[in-house]
Amino acid sequence: MIAVRVRWPRALVVALALVPVTAAAQGRPVQLTISQPAEATTMDPGRSTQVLTVNYFYNLYDTLTRWDTSLTLQPGLATAWKSVNETTWDLTLRLGVRFHDGAPFTGEDVRATFERNLVAGKTVVQPGFATIESVQVTGPASVRIVTKRPDPLLLVRLAQMGAQVLPARLTTDEGVKELARRPVGTGAYRFVEWVKDERLVMEANRDWWGWDGKPPAIDRVIWKPIPEDFPRLVALEKGEVDIITNVPPDRIPSIADGKSTRVVSVPSTRTAAFAMNATQPPLADRRVRQAMHYALDVRAIIRTLHGGYGKPMSGGLADTDFGHNPALKPYPSDPAKAKALLADAGHPGGIDVALLAGYGTMVNDKALLEVITDMWAKVGIRARIEMMEMGQRQRIVNERSLPANSLMLINPQSTLLDADGSLWRLLHPTGFNGKYWIGSQPGQRFNELMEQARYSLDQKKRKALYTEATQIIHDEKPWLELFQEVIVYGTSRRVSFKPRSDYRLIVAEMTVTR
């Protein structure tokens, strides 16, 4: 079995140390309410990688392999696997598992799910599965996965976003329309209702196969979108919700000191950045893209908008990813150099760009755009801000329709704890940002490096390839890089869970005290 571990400095992890006596143990139904700042965009795991929406997927569905709370790979719907040769894996499937509608889980469901993910345009996760050649059902409880070339990350891919196994009948074009509204999985929680802009309700799946044979401790989960920070905080303080995400930094002390609330935090696998359509002038010129970075004081942004929770970065990777290049230092704040680069690129009078963001993308998202706009204005970069609902943002992401010379706030997260699951997932020619930068295309050195690393079983070689690739990102700046995030939750003191670095809120890992 392959084990992948991430170790975090103890001082940065705030763990909950309660040994709870659950209400369920007292015979009463246990309900948990979680508030995120944005509504779900779909219930189809193949159609969104937005962090808030993905939280729903990991409660409703299961994957063949899974990450535990320590980010160690564990069995999921597959109980065992073996490598037949460099391009072939045989997996044994878990017996006795049923979907929420009562249908048995079979190899056909695995085959249908992954075959859908292999077809360009069917899902938004296709680049993450591009190494797979075929999925074959080899027996009542077994499948064979064949890759195009050796894939060092195959088992990890089976746990990533979009790998949630769907009923075969709902993987058709018509079936996924139904799935997007009324999900059917094998997960710890089953869908009850979705009232747009008000609530998404799930209840415990008492037939769930369970990790270590343990059933969910919480009977009912209500996901309640509250877009504005203040009402979300008030709801936590009044006990109307039990967990809130996107905690404003200036409110962290009051939550930590509250009689019934606490703060839970952990360094994350996610980064804050802006996708950039650099296909046309002026952003097609790397000197302009570099100027946009030198014009920013990222440390000041982290300090003023995020309470110091964050780490400036360069090279495209969080330090949790294999391939991270610690030799690359973030661009310093240097407005004079920014002006000189713009002038050298033929824009002494400055440039005009658009800054886009979806409400609820991250803490203080609108304020972030405003601060960036102010910093850029000092060097002649004039930015027009456009805030939008998350559904509109998701359409732009899915359709790869970001206008030329526009930037959109993203917080990309590694799906594999490897550069292939972050840099190459996004900048692959078919990825979310692949069409926006010439360096992603076949024949370019960056493309060549990432493709070689994707199919090499030699970890030293892969590391060397990633070192060169991240240097290219550092020099070319195909997107606007800001910082690696720290996750902060506000919670009721009755809730106990270990915060995950991958941003997942998995209710089966939680308990509630009386």
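Helices (H or I, at least four residues) and strands (E, at least two) are DSSP runs, numbered from the N terminus. The views below show a predicted model.

**Figure 1. Surroundings of Asp44, in the loop between strand S1 (31-35) and helix H1 (51-60).** Asp44 is buried, its relative accessible area being 2%. The side chain of Asp44 makes a polar contact of 2.6 Å with the side chain of Arg116. Apart from residues up to four places away in sequence, Asp44 touches Phe57, Arg116, Val176, Leu179 and Ala180. Arg116 thus appears both in the polar contact and in the list of residues touched by Asp44.

**Figure 2. Surroundings of Thr49, in the loop between S1 and H1.** With a relative accessible area of 17%, Thr49 is buried, because the cut-off for this class is under 20%. Once neighbours within four places in sequence are set aside, the contacts of Thr49 are Val54, Val124, Val125, Met161, Gln394, Arg425 and Phe432.

**Figure 3. Strand S1 and its pairing with strand S10 (residues 220-223) and strand S11 (residues 243-244).** Four of the five residues of S1 are buried, so the strand is largely enclosed by the rest of the structure. S1 and S10 run parallel and are joined by four bridges; within this pair, Ile34 is placed opposite Trp223 of S10. S1 also runs parallel to S11, to which two bridges join it. Here Ser35 has Ile244 of S11 as its bridge partner.

**Figure 4. An open sheet of four strands in the order S4-S5-S7-S6.** The pairing in this sheet is antiparallel. Strand S4 (78-85) and strand S6 (132-139) are the edge strands; each has a single partner strand, so one side of each is left without a neighbour in the sheet. On average, and with direction ignored, neighbouring strands are turned by 20° against each other. The antiparallel pair of S6 and strand S7 (residues 142-147) is joined by six bridges. Val137 has Val143 in S7 as its bridge partner. Helix H2 (residues 107-118) lies across strand S5 (88-93), S6 and S7. The direction of H2 is at about 170° to that of S6.

**Figure 5. Packing of helix H8 (residues 298-305) with helix H10 (residues 365-377).** Two packed helices are described by the angle between their axes and the distance between the axes. For H8 and H10 the angle is about 145° and the axes are 11 Å apart. The crossing of these two helices is right-handed. H8 contributes Ala300, Ile301 and Leu305, which meet Ala367, Leu368, Val371, Ile372 and Met375 of H10. The residues of this contact comprise eight nonpolar, no polar and no charged.

**Figure 6. Trp211, in the loop between S9 and S10.** Trp211 has a relative accessibility of 17% and therefore counts as buried. Beyond its neighbours within four places in sequence, Trp211 is in contact with Arg66, Ile506, Ala508 and Glu509. Met362, in contrast, does not appear among the contacts of Trp211: the two residues are 151 residues apart in sequence, and their C-alpha atoms are 31 Å apart in space.

**Figure 7. Positive phi at Asp197 and at Asn405.** Asp197 is a residue other than glycine, yet its phi is near 65°. Asp197 lies in the loop between strand S8 (189-195) and strand S9 (199-204). Its relative accessibility of 61% means that Asp197 counts as exposed. Asn405, likewise not a glycine, has a positive phi of about 60°. Asn405 is located in the loop between helix H11 (390-399) and strand S16 (406-410). At a relative accessibility of 13%, Asn405 counts as buried. The two loop residues therefore fall on opposite sides of the accessibility classes, Asp197 being exposed and Asn405 buried.

**Figure 8. The cis peptide bond from Pro281 to Pro282.** The omega angle of this bond is near 5°. Pro282 belongs to the loop between strand S12 (261-276) and helix H7 (286-294).

Note on methods. Residues numbered from 1 in each chain as written. Predicted model: local features only at pLDDT ≥ 70, side-chain atom pairs only at ≥ 80, totals over all residues. Heavy atoms only, no water. Buried < 20%, exposed > 50% of the residue type's maximum accessible area, 1.4 Å probe, protein only. Axes fitted to C-alpha atoms, helices over the stretch in contact; angles between N-to-C directions. Left-handed = near helix turned anticlockwise from the far one by under 90°. Contact = heavy atoms within 4.5 Å. Nonpolar A, V, L, I, M, F, W, Y, C, P; charged D, E, K, R; others polar. Pairing = 2+ DSSP bridges. Polar contact = N/O pair within 3.5 Å; in protein donor to acceptor, adjacent residues only side chain to side chain.
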